[in-house]
Amino acid sequence: MQLGGVRARSRFRGTRAPVSVGSRSRRRRDGQPRNEEIDDVKSTERIGQRVSNLFGATLREAPAEVEIESHGLLLRAGYIRQLASGIFSYLPLAWRSLRKIEQVLREEMDRIGGQELSLPVVHPAELWQASGRWYDIDATMARFVDRRDRDMLLAMTHEEAVAFHVATEVQSYRQLPALVWQVQTKFRDELRSRGGLIRVREFLMKDSYSLDRDAAGLKVQYQAHYEAYERIGTRTGLPLTAVQSDAGMMGGKIAHEFMYVTPIGEDNLALCDACGYSANREVAEFRQKPAPGEPAELERVHTPGAATIADLAEQLGATADQTAKMVFYVGSFGGEGGERTERVVAAIVRGDLEANVIQVQNLSGALELRSASEEEIAATGMVPGFASPVGIDPDAAIFVVDKWVAKTPNLILGANEVDYHLRNVCSGRDYEPTVVGKVAAAYEGAPCARCGEPLRMVRGVEIGNIFQLGTRYTESMEARYTDEGGKGKPIWMGSYGIGLGRLLACIAEEHRDDDGLKLPVSVAPYHVGLIGLGKDDETHAIVEDVFQTLIEAGIEVLFDDRREQSPGVKLKDADLRGLPLRVVIGERSLKSGGAELRRRSDGEDRIIALENLVVEINGELDAMRVALEV
RNA sequence: CGGGGCGUAGCGCAGUCCGGUAGCGCACCUGCUUUGGGAGCAGGGGGUCGCCGGUUCGAAUCCGGCCGCCCCGACCA
């Protein structure tokens with residue numbers, strides 16, 4: 001075979017100092033170049049791909065529906081494609097990146113003693129009926145019936161499956177603590193997907209499950225995960241902020257979310273720069289001093305057309321924080337066997353604050369909460385826009401009253417009569433709350449619960465979360481162990497998740513510029529984008545040889561070997577794909593003394609003699625890796 | 001599910017109001033020229049105009065129904 005490599009190499013040797021490390025001709029019988037990665041038994045040591053053969057084209061323009069920069073870039077660079085709403089395919093570039101992310105996760109799970117396993121995506125309904133979630137979770141769970149008429153589901157997460165196996169595999173305290181984990185597909189039929197990989201219905205998740213004898217053991221593994229997640233953020237080049245969070249459908253008490261702070265995020269976060277307090281707005285606490293005062297006599301006042309709290313306060317010469325407002329929901333409550341009942345849930349908060357839906361849901365005990373319609377409100381006897389619990393049947397709704405409202409006398413509330421309000425409403429005297437709690441949501445500038453300094457509200461994307469579940473799932477699956485005294489006890493469980501696609505999307509969001517992606521070395525699908533320029537065969541023969549040399553040296557190379565494309569196209573494509581290093585070899589660079597080596601992150605070109613390329617590239621890669629070390 | 005928008009070639013779009021042989025740019029294929037920041041010329045391939053039904057001599061275009069996708073909201077480990 002006289003093609004490509006062999007000729008290239010001899011040509012090359014004749015002109016310049018040797019760089020080759022025993023490169024060989026890599027051609028199929030038909031003379032076409034083939035994928036170097038599969039050319040050799042030691043495939044993992046030789047990773048090279050030709051752009052001419054890369055599955056996944058670049059696009060000059062992003063699809064019209066794209067709203068988020070990183071989403072557009074991942075599409076344009078040929079990393080991902082959409083198959084249906086919220087359902088994406090990972091093309092080879094994204095898949096390589098995800099495998100690199102997975103490797104970081106694997107190393108961090110190994111470090112804290114994890115054992116990797118793989119659990120099914122399809123589960124029998126009984127598993128989830130035992131935990132109760134078959135009934136508690138609504139349409140978000142994808143269900144189907146198999147040919148034997150058995151109820152099945154697509155797993156949204158794997159607590160049940162883990163607890164199921166733990167019940168038979170773990171018998172003794174001698175087997176604890178333990179940690180099992182996997183990377184597995186989850187399916188959640190969310191009402192609405194959004195923003196490319198930011199919120200999807202099918203996704204890859206690293207989920208780990210800690211198993212312990214008691215709460216103290218659980219805390220240890222929880223803390224280990226907390227630290228592992230911080231390292232994962234550092235190693236993948238994504239700044240993460242840990243915030244306290246709601247346990248949601250997972251159950252359990254203590255939970256944190258690891259957030260990437262960005263305006264495109266869908267979660268609201270409260271951060272205190274003074275003391276470091278950080279929490280999801282759903283659970284963020286803040287100081288709210290009840291205004292003291294002697295209860296005064298209830299008074300009905302005319303407030304024509306007072307549509308907003310601001311209007312109302314102005315009409316009555318009051319301030320907004322002397323008012324209260326009602327927010328109406330309809331809660332879905334579970335009963336035995338899974339039937340649901342609906343009740344109106346009426347939240348009462350200070351007039352100028354917002355109700356926190358999650359807290360209302362938790363305080364009311366509802367499984368789900370939705371906004372109430374005007375008709376549903378009217379059915380309770382209250383008048384939308386002028387509502388209050390005063391004079392209303394206490395059983396007409398569940399009255400979830402904010403602590404501040406319950407403690408502050410003489411508030412202004414509706415009179416349940418159009419254009420009329422009541423002054424001097426006092427909780428406990430004029431109406432009876434069903435439940436009192438922290439209903440008001442944190443806001444920009446609210447005094448931090450811990451130190452009193454103003455909170456800052458930002459938005460974030462949830463990359464990962466950690467939960468101290470306790471014994472909820474192990475008890476429902478009867479996963480118990482025998483302690484030293486021969487007593488049977490429930491196993492304590494924690495669960496810990498990280499969304500891989502979401503992580504990749506956020507890394508792309510964080511590391512990009514107008515020209516494309518700028519992926520960290522730990523995540524990029526290849527280390528180097530090699531580009532050959534120029535029209536003469538000699539130059540291209542040299543570039544071919546450099547390609548072989550680099551991959552022989554263990555460097556992962558994406559080689560733009562297209563000769564029919566203009567320089568501009570190849571350079572633009574390379575910028576778009578965002579590999580950490582770019583090597584350009586053309587007649588011009590050869591005249592200057594070799595190859596041009598450039599970091600995608602800063603765009604500085606350096607001329608490197610060909611014989612020094614491997615060393616220089618490895619030096620750059622090492623420096624990049626050091627920067628991502630923990 | 002409520003509100004809004006969009007479905008015409010792989011991507012970006014025009015044509016739809018006012019019915020009359022389906023177009024443009026990029027991408028793709030062939031040939032020649034071209035190789036340092038999205039090349040030029042010439043030729044070519046590719047579209048049941050989202051689907052179903054209706055009106056009409058004739059429908060991308062008008063009417064009805066449905067489906068899909070995006071955005072906002074609700075919702076969500």
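Visitor: Which residues are closest to RNA strand B, and how many surround it?
Guide: In this predicted model, RNA strand B is surrounded by 51 residues, the closest being Arg 188, Met 205, Arg 563, Asp 575 and Glu 596.

Visitor: What's the chemical make-up of that surface near the RNA?
Guide: The residues of the surface near RNA strand B divide into 21 charged, 17 nonpolar and 13 polar. On the RNA side, 54% of the strand B atoms within 4 Å of the protein belong to sugar or phosphate, and the rest belong to bases.

Visitor: Which polar atoms of the protein come up against phosphate oxygens?
Guide: A polar backbone atom of Ala 64 is 2.6 Å from a phosphate oxygen of RNA strand B, and a polar backbone atom of Gly 195 is 3.2 Å from a phosphate oxygen of the strand.

Visitor: And what about a base nitrogen, which side chain is that one paired with?
Guide: That is Glu 596, where an N or O atom of the side chain is 2.4 Å from a base nitrogen of RNA strand B. Glu 596 is also listed among the closest residues to the strand.

Visitor: Which element gives the largest share of the surface near the RNA?
Guide: Helix H15 does, with seven residues. H15 covers 567–577, and the elements that each supply at least two residues of this surface also include strand S2 (80–84), helix H9 (357–364), strand S22 (456–470), strand S30 (581–585), helix H16 (587–592) and strand S31 (595–599).

Visitor: Moving just past S31, where does Arg 600 sit, and what does it touch?
Guide: Arg 600 is in the loop between S31 and strand S32 (605–608). Leaving aside residues up to four places away in sequence, Arg 600 touches Asp 513, Asp 515, Gly 516, Leu 517, Lys 518, Asp 575, Gly 578, Leu 579 and Pro 580. The side chain of Arg 600 also makes a polar contact of 2.9 Å with the side chain of Asp 513.

Visitor: Is that arginine buried or exposed?
Guide: Arg 600 counts as buried, because its relative accessibility is 11% and the cut-off for buried is under 20%.

Visitor: Let's switch to salt bridges: how many are there?
Guide: The count comes to 40 salt bridges. One of them joins the side chains of Arg 235 and Glu 107, at 2.4 Å from N to O. This pair links distant parts of the chain, with Arg 235 in helix H7 (residues 215–235) and Glu 107 in helix H3 (residues 92–111), 128 residues apart.

Visitor: What network do those two belong to?
Guide: Arg 235 and Glu 107 are linked with Glu 108, Arg 111 and Arg 231 in a network of salt bridges. Within it, Arg 235 counts as buried at 18% relative accessibility, while Glu 107 counts as partly exposed at 34%.

Visitor: What does Glu 484 pair with?
Guide: The side chain of Glu 484 meets that of Arg 213 in a salt bridge of 2.5 Å, N to O. Glu 484 lies in the loop between strand S23 (480–482) and strand S24 (488–490), and Arg 213 in the loop between strand S9 (202–212) and H7, so the pair ties together parts that are 271 residues apart in sequence. Glu 484 counts as exposed at 51% relative accessibility, and Arg 213 as partly exposed at 27%.

Visitor: And which residue does Arg 599 bridge to?
Guide: Arg 599 forms a salt bridge with Glu 620, their closest N and O atoms being 2.6 Å apart. Since Arg 599 lies in strand S31 and Glu 620 in helix H17 (residues 613–627), the pair ties together parts that are 21 residues apart in sequence. Glu 620 is buried, with a relative accessible area of 9%, whereas Arg 599 counts as partly exposed at 28% relative accessibility.

Visitor: Why is helix H13 described as largely enclosed?
Guide: Nine of the eleven residues of H13 (residues 500–510) are buried, so the helix is largely enclosed by the rest of the structure. Among those buried are Leu 500, Leu 503, Leu 504, Ile 507 and Glu 509.

Visitor: Any backbone oddities, say, where's the cis peptide bond?
Guide: The peptide bond from Leu 176 to Pro 177 is cis, with omega near 0°, and Pro 177 is found in the loop between helix H6 (159–169) and strand S8 (178–187). As for phi, Asn 416 in strand S19 has a positive value near 55°.

Conventions: Residues numbered from 1 in each chain as written. Chains lettered and ligands numbered in written order. Predicted model: local features only at pLDDT ≥ 70, side-chain atom pairs only at ≥ 80, totals over all residues. Heavy atoms only, no water. Near = heavy atom within 4 Å. Polar contact = N/O pair within 3.5 Å; in protein donor to acceptor, adjacent residues only side chain to side chain. Helix = DSSP H or I, 4+ residues; strand = E, 2+ residues; numbered from the N terminus. Nonpolar A, V, L, I, M, F, W, Y, C, P; charged D, E, K, R; others polar. Buried < 20%, exposed > 50% of the residue type's maximum accessible area, 1.4 Å probe, protein only. Contact = heavy atoms within 4.5 Å. Salt bridge = Lys/Arg side-chain N within 4 Å of Asp/Glu carboxyl O.
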